[in-house]
Amino acid sequence: MISKTSLLFGLSMLAIASPAAARECAQSPDKRLELCVSVEGGEALYEVKRGNVTVIAPSRLGLRFAGEADPRFTAIGHAKRSSVDTSWEQPWGEQRLIRDHHNDLSVTLAGDTALNKAVGVTFRLFDDGFGFRYDYAAIPAGQTVSVTTDQTQFRTVGAYQAWWYQGLGQERDEYLYTQTDARRITLAETPLTLKGDNGLYLSFHEAALVDFPSMLLEGNGAGTYSAWLMPWPDGTLAKKAGPFTTPWRTVLVGETPGALADSRIALNLNEPNKLPDIGKWFKPGKYVGIWWEMHLEKSTWGSGPTHGANTANVKRYIDFAAKYGFDGVLVEGWNKGWDGDWIANGDKFSFAEAYPDFDLPEITRYGKTRGVKLIGHHETGGGIENYARQLDAALELYADNGVSLIKTGYVRHSGTIVDGDGGRQWFAGQYAVHHHLDVVKRAAKLHIAINTHEPVKDTGLRRTWPNWVSREGARGQEFNAWGNPTNPPEHMTILPFTRMLAGPMDYTPGIFDIARSGKELTRRVQSTLATQLAEYIVIYSPIQMAADLPENYEARLDAFQFIRDVPADWEVSHTLQSAIGDYVVIARQPRGQGDWYLGGITDEEARKLTQRLDFLAPGKRYEAQIYADGPGADYRTNPAALTISKRLVTSADSLDLAMAPGGGVAIRFKLLDTRP
Ligand code: NOJ
Ligand code: CA
């Protein structure tokens with residue numbers, strides 16, 4: 001006789017004994033990448049191959065929630081497939097037309113807990129990588145849930161090198177990268193870039209980070225990287241109400257570093273533009289500012305005899321900007337709150353009250369007569385609560401005075417951002433992620449664009465909110481004023497393949513007074529003058545600063561011509577040659593012009609690269625205006641040596657790019673034949 005218990009036992013044995021692991025697979029449009037999702041031993045897994053090479057070995061998927069046991073996944077249901085091949089236009093960008101060519105596989109993972117009963121996962125495969133995100137659509141509306149673990153893993157196989165820095169450092173994302181065996185990764189910020197002995201370059205990141213904590217990756221010493229989400233002060237990772245989708249987890253896969261840099265997956269995984277009229281109120285451009293002089297300690301943010309943001313000084317910068325064709329003047333330190341140790345003033349900044357020597361209406365009136373806009377500044381000192389309270393009035397004040405671009409800042413040690421409950425928040429946890437996007441949305445209503453310093457890393461949200469025009473989020477030029485030490489030459493050859501994969505950066509290039517009266521090397525800019533020019537091409541941003549003091553530009557008007565000429569908006573961009581940490585060469589074509597620009601930068605090694613000019617339009621003649629390292633140029637001993645020459649070239653030519661130690665090259669290819 002078969003008892004009820006043994007029948008049950010038999011059934012569950014049956015379930016274990018015949019896992020009949022459901023498995024669904026999909027390929028990239030070119031069929032080179034293949035991704036499979038499966039359910040095995042109670043776990044939901046995905047794996048990815050490129051041809052015969054395993055990119056991701058079976059790796060765990062899913063989230064866990066407070067109050068629930070670990071789910072067991074038992075089946076995959078509702079596999080749906082779709083394909084897209086379309087193009088869309090960026091209102092501004094490193095490339096105007098973006099092709100979105102992908103295959104989707106959407107599945108539902110059936111789990112045995114209430115919140116994991118039906119977890120949607122969409123995998124999106126492109127030729128140059130893939131993304132996936134979770135959809136907890138079955139959570140009842142209004143039900144609050146707390147995410148306690150993100151199970152997502154990326155299991156690599158074989159030997160990889162990585163460029164990374166330790167996450168959660170007090171300076172947030174402002175660190176130099178080190179290159180190590182990837183197994184040495186403890187906790188790394190993304191984009192996290194790896195180079196494999198298998199010939200592949202990988203970069204892990206996320207796209208569309210909205211109302212969720214940002215993801216770091218934790219290594220296990222053996223090539224597995226697990227999602228690590230920046231928690232709330234109470235340890236919860238994410239607090240959600242009702243159904244939700246997560247950001248996309250993304251992996252770029254390429255055979256060259258340039259394939260990573262030229263991938264547009266991050267943008268494609270974001271929602272379309274919500275500001276269709278942005279072109280009417282934001283235009284890419286260049287700016288100068290009352291900025292470097294404070295970092296050099298020639299003037300102060302705070303009030304007193306050397307206060308930088310005084311009306312006369314601002315007018316001097318406006319005159320300079322007007323004379324040389326800049327669109328804006330950034331002014332920091334005009335509003336009350338900077339006195340004393342401003343880094344500790346997160347609760348003191350006033351965003352509406354000016355110091356008495358700064359006349360906002362007069363300055364904006366004067367700027368208008370000269371065709372130059374004031375660029376606003378909101379340093380919060382990480383006092384988000386103080387800022388949020390004043391935000392609408394602060395934005396309105398700027399809008400009323402014709403300011404349409406604001407730089408924001410959140411200087412405070414990571415982990416001590418102040419929220420409304422007196423909490424100590426991480427700089428990129430869910431609280432901060434929400435705050436930053438809220439600022440951008442409110443600014444959009446007043447036709448104001450935002451450039452965030454000490455930001456949450458970029459995840460392609462500029463597609464949806466194109467008034468979020470730039471960010472810092474890496475060790476920028478400011479470190480070259482402070483020393484301790486300054487950025488070494490290789491930094492510029494790493495950024496394009498790490499930080500820059502996230503999106504535009506307000507690096508603030510263009511320091512001409514490199515030698516700084518003989519300051520020691522690690523306390524001043526570590527590059528040649530040609531490199532400072534090349535940075536305008538190598539580091540993309542739709543707003544580019546000419547960061548040095550007006551007098552330093554007027555002392556080198558020959559080199560300054562390149563900054564005056566170079567635009568900040570591009571039709572198309574190509575990474576031509578590169579080795580991460582060694583050198584990079586990028587070419588970009590301006591929007592609406594037949595010209596091209598090229599920027600090359602090397603590390604501390606002198607280098608001669610031969611560059612074919614086959615990116616130029618065939619059959620046309622160009623004048624190559626070449627700003628190259630001059631005889632004897634060396635970032636250590638002779639940074640200012642620059643040779644400017646002109647050559648007639650066509651797309652059939654090659655150019656030798658000779659770069660000094662710490663050097664670079666910047667070229668404008670001026671189209672001579674304008675007939676079609
Ligand atoms: C840090 C920013 O990165 C820098 O550009 C700014 O000058 C200071 N904060 C002051 O706000
Ligand atoms: Ca900074």
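Which strand does strand 35 pair with, and over how many bridges? Strand 35 (residues 622-629) pairs with strand 38 (residues 664-671), antiparallel, over seven bridges. Some notes from going through the model:

1. Ground rules. This is a predicted model, where local features need pLDDT of at least 70, side-chain atom pairs count only at pLDDT 80 or more, and totals for chains, interfaces and linings use all residues. Residues are numbered from 1 along each chain as its sequence is written, chains are lettered from A and ligands numbered from 1 in the order in which they are written, and side-chain values use heavy atoms, with hydrogens and water left out.

2. The sheet. Strands 31-32-33-38-35-36, in that order, make an open six-stranded sheet with antiparallel pairing. Strand 31 (570-579) and strand 36 (642-649) sit at the edges, each pairing on one side only. Neighbouring strands are turned by 15° against each other on average, direction ignored. In the pairing of strands 35 and 38, Q625 stands opposite R668. On terms: strands (E, at least two residues) and helices (H or I, at least four) are DSSP runs numbered from the N terminus, and two strands pair if DSSP finds at least two bridges between them.

3. Helices on the sheet. Helix 12 (residues 529-538) packs on the sheet, touching strands 31, 32, 33, 35, 36 and 38, and its direction makes about 125° with that of strand 33. Helix 14 (residues 557-565) packs there too, touching strands 33, 35, 36 and 38, at about 125° to strand 35. Contact here means heavy atoms within 4.5 Å; axes are lines fitted to C-alpha atoms, for helices over the stretch in contact, and angles run from 0 to 180 degrees between N-to-C directions.

4. Salt bridges. There are 40 in the structure, counting a side-chain nitrogen of Lys or Arg within 4 Å of a carboxyl oxygen of Asp or Glu. R32 and E255 make one, with the closest N and O atoms 3.0 Å apart. R32 is in the loop between strands 1 and 2 and E255 in the loop between strand 21 and helix 2, so the pair ties together parts 223 residues apart in sequence.

5. A buried pair. E189 and K457 form a salt bridge at 3.2 Å between the closest N and O atoms. The two residues are 268 apart along the chain, and both are buried (under 20% relative accessible area; exposed is over 50%, partly exposed in between, 1.4 Å probe, protein chains only). Shared partners join D150, E189, E206, R249 and K457 into one salt-bridge network.
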